[in-house]
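Me: Please take a close look at one part of this model, a hairpin and the strand beside it. Then follow the side-chain contacts and the helix elsewhere in the chain.

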Amino acid sequence: MTIRNYRGQAPQLGERVFVDASAVVIGDVTLGEDSSVWPLTVIRGDMQRIHIGARTSIQDGSVLHITHAGPFNPAGFPLTLGDEVTVGHKVTLHGCTLGDRILVGMGSIVMDGAVVESEVIIGAGSLVPPGKRLESGFLYVGSPVKQVRPLTEKERAFFAYTAGNYVKLKDLHLAEGYDR
């Protein structure tokens, strides 16, 4: 695992965080307690900040980055993820904001300035375009995403279940010494 400072900014890892030995975390990155970063993931806070909340899981092969400040976007966009977010395998999150209790399906892309409110499921392979807002309590799928239907109570209960499951799994990996 590579935890790397960049221009005086060191990643800040909360209590009981698991970062797989093959992952890379660079710069102005905060990982909340009980969060996990799985194999071959890149989290690059080199030109803006990245904040990842508690009990959030970033699955294998995902890429998390920001939008830098420049002439076309003077403030840039940080990347912010809330608590109990499950990010599926090979997801790209770029300069967007995700609330709490969200499932981002495998292979999805969430672009610059997009806002995903709390308690949302984004189906596998979906594209959330720049600046799009996803309203709380719905399933979204497609490229570009479209609101499909309200979430069921069972789906809403799944957020806490899957977050807890990944907390248990990362604890097992930590016990085996497969972290920093």
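Reply: A hairpin joins strand β19 to strand β20 through two residues. Strands are DSSP runs of E at least two residues long, helices are runs of H or I at least four residues long, and both are numbered from the N terminus. The model is predicted, so local features need pLDDT of at least 70 and side-chain atom pairs count only at pLDDT 80 or more, while totals for chains, interfaces and linings use all residues. Residues are numbered from 1 along each chain as its sequence is written, and side-chain values use heavy atoms, with hydrogens and water left out.

Within the hairpin, β19 (residues 138-142) and β20 (residues 145-150) run antiparallel and are joined by five bridges. Two strands count as paired if DSSP finds at least two bridges between them. One bridge sets Val-141 against Lys-146 in β20. β19 also pairs with β16 (residues 120-122), and here the two strands run parallel, with two bridges. In that pairing Ile-121 stands opposite Leu-139 in β19.

Next, the charged contacts. Side chains of opposite charge can pair when their charged atoms come close. Eleven salt bridges are found in the structure, each being a side-chain nitrogen of Lys or Arg within 4 Å of a carboxyl oxygen of Asp or Glu. One of them joins Glu-117 to Arg-133, at 3.2 Å from N to O. Glu-117 sits in the loop between β15 (115-116) and β16, and Arg-133 in strand β18 (residues 133-134), so this pair links parts of the chain 16 residues apart. Glu-117 is partly exposed, with a relative accessible area of 25%, and Arg-133 is exposed at 54%; buried means under 20% relative accessible area, exposed over 50%, and partly exposed in between (1.4 Å probe, protein chains only).

Salt bridges that share partners also make one network out of Glu-15, Arg-16, Glu-33, Asp-34, Lys-170 and Asp-171. Within this network, Arg-16 bridges Glu-33, with the closest N and O atoms 3.8 Å apart. Arg-16 is in the loop between β2 (12-13) and β3 (18-19) and Glu-33 in the loop between β4 (24-31) and β5 (36-37), so the contact ties together parts 17 residues apart in sequence. Arg-16 also meets Asp-34 in a salt bridge, 3.0 Å from N to O. Asp-34 lies in the loop between β4 and β5, so this second pair ties together parts 18 residues apart in sequence. Arg-16 is partly exposed, with a relative accessible area of 41%. Glu-33 is partly exposed, also with 41%, whereas Asp-34 counts as buried at 12%.

The helix is α1 (residues 153-176), with 24 residues. From its first C-alpha to its last, α1 reaches 36 Å, close to the 34 Å expected at 1.5 Å a residue; the expected span is 1.5 Å times one less than the number of residues. α1 bends by about 25° at Phe-159, the bend being the angle between axes fitted to the seven residues ending there and the seven starting there. Buried residues of α1 include Glu-155, Phe-159, Tyr-166, Val-167 and Lys-170. Just after α1, Gly-177 takes a positive phi of about 85°.
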